Amino acid sequence: MDSFSLLMQGLASAMDPMILLYALIGVTLGTAVGVLPGIGPALTVALLLPVTYGLDPAGSLIMFAGIYYGGMYGGSTTSILLNTPGESASIVTAIEGNRMARQGRGGPALATAAIGSFVAGLIATLMLAFLAPQVVKLALTLGPREYFALMVLAFVTVSATFGDSALRGLTSLFIGLALACVGIDGLTGAARLTYGVPQLMDGIETTTLAVALFAIGEALAVAAMLTPPDGMHKVTGSVSMTRTDWRRSWKAWLRGTFIGFPIGSMPAGGADVASFLSYAAERKLTRHPEEFGKGAIEGVAGPEAANNAAAAGTLVPLLTLGLPTTATAAIMLAGFQQFGLQPGPLLFVMNAELVWTLIASLLIANLMLVVLNLPLIGLWIKLLSIPRPWLYGGILLFATLGTIGVNPSPVELGMLILFGMMGYGMRLYGYPIAPVVVGLILGPMAEQQLRRALSIAQGDWTTLVSTPVSATLLTISAVFLIVPMLMRLRGRGKVLSQVAGDPD
Amino acid sequence: MSQGSFPGRRPPTRSGGAAFIIAAGLAGIAALILVDAAGLKQDGGYAGVGPGDVPRIIAYGLLVLAVLTVISGLKGDLPKPPRQAPAPVLWILGGLGLQLVLLHVVGFVISGAILFAMTARAFGQRPLWKAVAVGLVLALVIYGIFDQLLQLNLPAGPLERLIFRG
């Protein structure tokens, strides 16, 4: 059956009222956490993992994807009005968007961000639907060594390629990999680094680590800041765009989409990379270069389209290869595993209905989001007026709720505090957070593939480079590791550090 | 906020010192892994790679990173963090610590309310009793939704038993 009819079937199942409800909850929550500073989609999905344990798998996964999409929409609101991005992929939006808000053009900025996100989300989700089956066909020909090489590539791009220091990125990654060693070895059943503590046998909970690093680390870092952040800029005038705004926006939306989707779908960094590249492209192509830095609408339209397209793009490797390339994708993978589903080519065979319902739901979620974000924008702006003590008090209460719900033991809560302090320290010294989470989740999978590949080759390590595919992937990984290092040495690292941040 | 009045406040650690501490931490993790890996049975099977080998590779990686961290610290490459206010950090950690200790004694709602109040205090909320009151209401609502409706098992204390199972 071709993609089109599968997608139509998916749409039919996605119209089920319960599924629609899950999607609505997902996009609403996603927009809210996107708007609120200090919590992003990665954290929210992590918090919801234990809560959804007893719920419908398809519905829960649709909700998670809705949160991811919604976070990309909501993040732009905070960037434009507050100059503090609600999530990392909206950092560039703040550059032009906040300038526009200062000039009283906050309304059109919000509108071009929301419509751009919609256009990009729609096109990119359709591309996902048509590309995924092709990747699945390709993926079926891959063996353990190719998978291992792909994971190495993901490790490198998540940790070392972007950001301002390969050393700090790799350090974060290796901390994650070290934490991943804790627990029962999947192949031999040997207990590693458990020190006789029964709670450690199952390994370190993704929820605990992600919640501690993102929520508690962030709360500590914000609380310890001596200078409070900027005030909010009121939206004055209407949110409708003038004809000039439309004319200047639509090309930027399309360009953003076609920059964002490929970047998201290759294991080459997440939405923040895409939004930065789109901003750079718009600045180069614009007919109004004098406006850039002072509130150019293209500088909002392009990056916002790009980060949504990239979010859809990340679902390609996640669903077809089981390969997460951002923190949110990594936690979504943990969500699949919670329901006994393993993303990868087989998912499209064994759970075809679920996959296509999920993809179709994203189209519907996208429609819900544009409604939620344009006419109802005033509601979301009200969220920003929650006083910070209540906001962070609530975040911490919810953060511990997730861990207590999984396992209310002092050991688990102790780990939460320990990792929370680690997250604070990492923020203090510029260590990225996402590689730790990706390392924890992808580490055991990479180890299994490596040992499986070596088993097949009777312990011959050259097997890892003995097929063209795996050799090429490992070569690309090496290039992605070494070239940025050389760029930084030659003083060109600024470009890379601008793309820094934690890919949500 | 009482940030300025925290006694025994030191000037922020210079990044050189921090680099050594970070490097020592990395080396410490590596050492733990190596000791643990040495105690594992080496049944590599056909792969020739047993349960201790991948951790060992990771430990060697951590050791290399520790050395590089020291070097970058000596060169002054590590970003210097801005001045930090320690009091709010201690309020939050105190709240988390109290929750850990009290969770099974007083239940989710009261320990959660304490955490909420102490976090709010860290962000400048006063007076404390008001934050405790808001925290109690919020924690009760959360308990009602997640424990009663969504069947998440949250530890119950006297207050929960009084309200929900009385």
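1. Starting with the A–B contact: in this predicted model, chain B puts in 64 residues and chain A puts in 46 residues. On chain B, four helices each supply at least two residues of the side that touches chain A: α1 (15-38), α2 (53-75), α3 (86-122) and α4 (128-149). If you want one element to look at, take α3(B), which gives the largest share of that side, 16 residues.

2. As for chemistry, the side of chain B that touches chain A breaks down into 44 nonpolar, 16 polar and four charged residues.

3. On to how chain B is divided up. The domain assignment splits chain B into domain 1 (3-75) and domain 2 (86-164). Taken over C-alpha atoms, the centres of domain 1 of chain B and domain 2 of chain B are 35 Å apart.

4. One helix pair across the contact deserves a look. Two packed helices are described by the angle between their axes and the distance between the axes. For helix α17 (residues 388-406) of chain A against α4(B), the angle is about 35° and the axes lie 11 Å apart. The crossing of α17(A) with α4(B) is right-handed.

5. Which residues make that contact? From α17(A) come Pro389(A), Trp390(A), Gly393(A), Gly394(A), Leu397(A), Leu401(A) and Gly405(A). α4(B) answers with Ala131(B), Val134(B), Gly135(B), Leu138(B), Ala139(B), Ile142(B) and Phe146(B). By class, the residues in the contact of α17(A) with α4(B) come out as ten nonpolar, four polar and no charged. Among the polar ones are the glycines, including Gly393(A) and Gly135(B), since Gly is counted as polar here.

Note on methods
Residues are numbered from 1 along each chain as its sequence is written. Chains are lettered from A and ligands numbered from 1 in the order in which they are written. This is a predicted model: local features need pLDDT of at least 70, side-chain atom pairs count only at pLDDT 80 or more; totals for chains, interfaces and linings use all residues. Two residues are in contact if their C-beta atoms, placed from the backbone, lie within 7 Å. Domain bounds come from an automatic or database domain assignment. Axes are lines fitted to C-alpha atoms, for helices over the stretch in contact, and angles run from 0 to 180 degrees between N-to-C directions. A crossing is left-handed if the near helix is turned anticlockwise from the far one by less than a right angle, and right-handed if clockwise.
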